[in-house]
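Welcome to this tour! Open your viewer, keep the selection tool at hand, and let us walk through the model one stop at a time.

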Amino acid sequence: MKKFLSIFATVFVGMSLMFSLCGCEPSNSTETQKVESTVNVKSFYDLSHERYSVRSFSNKPIEEEKINKILECARVAPTARNDQPQFIYILKSKEALEKAKTVTKSTFDAPVIFIICNDTDRSCKIEMDNNLDLGEHDACIACCHMMFEAWELGIGSVWVRGFNADNVAKVFNLPKNMRPVAMLPIGYPAEDSKPSKLHTTKRELKEIYKEL
Ligand SMILES: Cc1cc2nc3c(=O)[nH]c(=O)nc-3n(C[C@H](O)[C@H](O)[C@H](O)COP(=O)(O)O)c2cc1C
């Protein structure tokens, strides 16, 4: 019996070690480890080439489930030191959307607008570079995740930075630690939606890299 117990303990410890080394946890671990399997995912290559900034939206409401999926992709974005300072405000009510129009010209009558913030109480400051706040990078990565997830779900978006962050914080009465980094109006593209000229005006591949 003693021998059996010792073999059992060795196998159990060995398997736990193997799971932790390969980065996968047994299925009953924390909630945050749950990953939904996705079928028919477009390649990221296609997604990144097809996406364009949508500035004309249809009236079709966005399903709550899709909004949650977009937010979920913001949640899992990589962040400096895993500090996870990204925080997102959702504007859906008529009143909130009207307020958004007072802080930027670029709302495009979208049915939903996200304000992606850097929670400066949480964000990583990099000492060796004058305490540079990496939370802005983190918020931008989260915003990218949201933009591409939206597109995967057939929802268009446009990244907006044409605003004054202090003004946005004031109008929406945000806490001092929440710094608006980007706004993301989203919605189903209108029938006449098409890429702007800027979308196709991209530099050549050879112009944007160099081996050192
Ligand atoms: C950091 C950033 C800020 C932007 N700010 C605005 C903005 O304030 N208003 C707007 O209409 N588009 C804005 N855009 C969208 C860009 O104009 C657009 O991505 C660019 O022209 C390329 O077009 P495409 O996204 O269709 O490929 C912004 C994009 C980025 C990445």
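Of the contacts in the chain with a separation of 6 or more, how much is accounted for by residues 24 or more positions apart? The share is 75%. Keep that in mind as you click around this predicted model.

**Stop 1: the whole chain**

Start by colouring the chain by secondary structure. You should find seven helices and six strands. Followed from the N terminus, the elements run α-α-α-β-α-β-β-β-α-β-α-β-α. Of the 212 residues, 25% count as buried.

**Stop 2: the sheet**

Now show the strands alone and look for an open sheet of four strands, in the order β1-β2-β6-β5, with antiparallel pairing. Which strands stand at the edges? They are β1 (86–91) and β5 (156–157); each has a single partner strand, so one side of each is left without a neighbour in the sheet.

Let us cross the sheet pair by pair. Between β1 and β2 there are six bridges, in the antiparallel sense. Select Q86 and you will see it opposite N118 in β2; then select F87, which stands opposite C117 in β2.

Next come β2 and β6, which run antiparallel and are joined by eight bridges. C117 turns up again here, opposite P180 in β6. Select D119 too: its bridge partner in β6 is M178.

Finally, β5 and β6 pair over two bridges, again in the antiparallel sense. At this end, G156 stands opposite G187 in β6.

While the strands are on screen, here is a handy general point: in a regular strand the side chains alternate between the two faces of the sheet.

**Stop 3: two enclosed strands**

Select β6, residues 178–187. Ten of its ten residues are buried, so this strand is largely enclosed by the rest of the structure. Then select β2, residues 112–119. Seven of the eight residues of β2 are buried, so β2 is also largely enclosed by the rest of the structure.

**Stop 4: V112 and G187**

Zoom in on V112, which is found in strand β2. Is V112 buried or exposed? The count around V112 is 22 other C-beta atoms within 10 Å, and a residue counts as buried at 20 or more, so V112 is buried. Leaving aside neighbours within four places in sequence, V112 is in contact with I62, I67, I90, L91, K92, I186 and G187. Try a distance too: the C-alpha atoms of V112 and A96 are separated by 9.6 Å, and these two residues are 16 apart along the chain.

One of those contacts is G187, a residue of strand β6, so select G187 next. G187 is buried, with 25 other C-beta atoms within 10 Å. Apart from neighbours within four places in sequence, the contacts of G187 are F57, S58, I62, A110, P111, V112, I155 and G156. Now draw a line from the C-alpha atom of G187 to that of R55: they are separated by 9.2 Å, although the residues are 132 apart along the chain.

**Stop 5: the nonpolar core**

The largest nonpolar core has 35 residues, and I113, I116, M146 and L184 touch the most other members. The elements that give two or more residues to this core are α3 (64–75), β1, α4 (94–103), β2, α5 (135–152) and β6. Which element gives the largest share? That is α5, with seven residues.

Click on I116. Setting aside neighbours within four places in sequence, I116 is in contact with Q86, I88, A139, A142, C143, V181, A182 and L184.

**Stop 6: helix α5**

Select α5 and look along its length. This helix has 18 residues and reaches 26 Å from its first C-alpha to its last, close to the 26 Å expected at 1.5 Å a residue. Colour its buried residues, among them A139, A142, C143, M146 and W151. Just after α5, find G154, which takes a positive phi of about 85 degrees.

**Stop 7: around the ligand**

For the last stop, show the ligand. Which residues are around the ligand? Select Y52, S53, S106, V158, W159, V160, R161, G162, P195, S196, L198 and H199. Coloured by type, this shell divides into six nonpolar residues, five polar and one charged.

Terms used
Residues numbered from 1 in each chain as written. Predicted model: local features only at pLDDT ≥ 70, side-chain atom pairs only at ≥ 80, totals over all residues. Buried ≥ 20, exposed ≤ 12 C-beta atoms within 10 Å, placed from the backbone. Contact = placed C-beta atoms within 7 Å. Pairing = 2+ DSSP bridges. Near = placed C-beta within 6 Å. Nonpolar A, V, L, I, M, F, W, Y, C, P; charged D, E, K, R; others polar. Core = buried A, V, L, I, M, F, W, Y, C linked by C-beta atoms within 7 Å. Expected span 1.5 Å × (residues − 1).
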